[in-house]
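Colleague: I am new to this structure and would like a close look at a single part of it. Please pick one helix, go through what surrounds it, and then set it in the context of the chain.

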Amino acid sequence: GEEEGAESHIAIKSESAAAEKIFKDGKVSLDSLPEDMQMALRDGRLTALDAERWASIMKSPLLSKMATALPSLRSKMLGNPRLLVTICIELAIGVTAKTIAEVQARTTEFWNELDFVISDLMLEVVADFSLVWLLSPARQLARVPAGGVASQLAKLPGHFFQVGAFPLKLRAATIAFRAAQFFCVGMVSTFLGHGSTIALVGLREKREGQKELSPLLPTAVGWASFMVMSSNFRYQTVNGIEQRILDVYLKGAPQNLATFVLRFFNCFVGGSQWIWYARALGLQ
């Protein structure tokens, strides 16, 4: 027991020394580290990989201020250094595809109904951002209180396929937990997007041939349930492919291109499934 304790203490000191060396080489002051990182460094929980990723974040004036001020962003970026790139790719695909669909659907009325278009695009932005953010792995640095719901949630991986020694029951629990989160996101985003569209229609005179909009609550429940049954599994699979295959075998521009193709295909499949599902529910 004493030997194991001594070995553990040596490992902790070695990990801390490695992290401190990286900070020194990257000209990152230990005093400038956020409190949770300083505590993790003292406890030997801050790894050399954490230090490398933080030193990289500090090279950007804007990101360094944001990551220092926002604990949630800090933990996400330490857990997934490609977070911002992935968010940009997902938003670019989603907004572009949605805009093309709006142009085709509204034809010559596109500019006259620009307020409707903006409303629909806001729904797309909220949903796309949430899907990427919620499934992105996070680096838990702060000590989590023993017992309780918070400690159980802190043990969950970001997605089912996340690399790490997560038992199957925690991976399965992640699917259920993300399903609950996605349902909430679906409800909120629909009330914001579709709700504002309905409000805008009410402020305008109804034109001949204008289609009736689907009612708000059934649409919200339909979209939320679709995110649970389709988006949840599709996006967890996408995240697994990115982390276990693309992160391992590709870097730089080829990796970004592969991510774009993968997420574009996922967006296409999801769009096709939603049309079928919405029609089955009588929403379209």
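Modeller: Take helix H5, in which Leu73, Arg74, Ser75, Lys76, Met77, Leu78 and Gly79 are buried. Bear in mind throughout that this is a predicted model. H5 covers residues 71-79, and with seven of its nine residues buried the helix is mostly covered.

What covers it? The buried residues of H5 pack against several helices: H2 (35-43), H3 (48-57), H4 (61-69), H6 and H7.

Start with H4. The axes of H4 and H5 lie 5 Å apart, and the two helices pack at an angle of about 115°. Since angles from 65 to 115 degrees count as roughly perpendicular, H4 and H5 are therefore roughly perpendicular to each other. On the H4 side the contact is made by Leu63, Met66, Ala67, Thr68 and Ala69, and on the H5 side by Pro71, Leu73, Arg74 and Met77. Sorted by class, the contact of H4 with H5 has seven nonpolar residues, one polar and one charged. Leu73, Arg74 and Met77, which H5 brings to this contact, are also among its buried residues.

Another residue of H5 to look at is Ser75, which has its place in this helix. Its relative accessible area is 17%, and buried means under 20%, so Ser75 counts as buried. Leaving out residues up to four places away in sequence, Ser75 touches Pro137, Ala138 and Arg139.

H6 and H7, two of the helices that the buried residues of H5 pack against, also pack against each other. H6 holds residues 83-106 and H7 residues 114-135; their axes come within 9 Å and cross at roughly 150°. An angle over 145 degrees counts as roughly antiparallel, which is why H6 is described as roughly antiparallel to H7. The crossing of the pair is right-handed. From H6, the residues in the contact are Leu83, Thr86, Ile87, Glu90, Leu91, Gly94, Val95, Lys98, Thr99, Glu102 and Arg106, while H7 supplies Phe116, Val117, Asp120, Leu121, Glu124, Val125, Asp128, Phe129, Val132 and Trp133. Divided by class, the contact of H6 with H7 has 11 nonpolar, three polar and seven charged residues.

Now the context. H5 belongs to a chain with 11 helices and zero strands. Of the 284 residues of this chain, 39% count as buried. Among contacts with a separation of 6 or more, 66% are between residues 24 or more positions apart. Computed along no single helix but along the principal axes, the C-alpha atoms fill a box of roughly 80 × 40 × 35 Å. The accessible surface of the chain is about 16,100 Å², and carbon and sulfur atoms account for 66% of that surface.

For a buried residue outside H5, consider Thr174, found in helix H9 (residues 168-202). Thr174 counts as buried because its relative accessibility is 0%. Not counting neighbours within four places in sequence, Thr174 is in contact with Leu156, Pro157, Gly158, His159, Phe160 and Gln236.

To return to the part you asked for: H5 is mostly covered, with H4 roughly perpendicular to it and with H2, H3, H6 and H7 also packed against its buried residues.

Definitions and conventions:
Residues are numbered from 1 along each chain as its sequence is written. This is a predicted model: local features need pLDDT of at least 70, side-chain atom pairs count only at pLDDT 80 or more; totals for chains, interfaces and linings use all residues. Side-chain values use heavy atoms; hydrogens and water are left out. Axes are lines fitted to C-alpha atoms, for helices over the stretch in contact, and angles run from 0 to 180 degrees between N-to-C directions. Helices (H or I, at least four residues) and strands (E, at least two) are DSSP runs, numbered from the N terminus. Angles under 35 degrees count as roughly parallel, over 145 as roughly antiparallel, 65 to 115 as roughly perpendicular and the rest as oblique. A crossing is left-handed if the near helix is turned anticlockwise from the far one by less than a right angle, and right-handed if clockwise. Contact means heavy atoms within 4.5 Å. Ala, Val, Leu, Ile, Met, Phe, Trp, Tyr, Cys and Pro count as nonpolar, Asp, Glu, Lys and Arg as charged, and the others, Gly among them, as polar. Buried means under 20% relative accessible area, exposed over 50%, partly exposed in between (1.4 Å probe, protein chains only). Accessible areas come from the Shrake-Rupley method with a 1.4 Å probe; for residues, only the protein chains shown count as cover.
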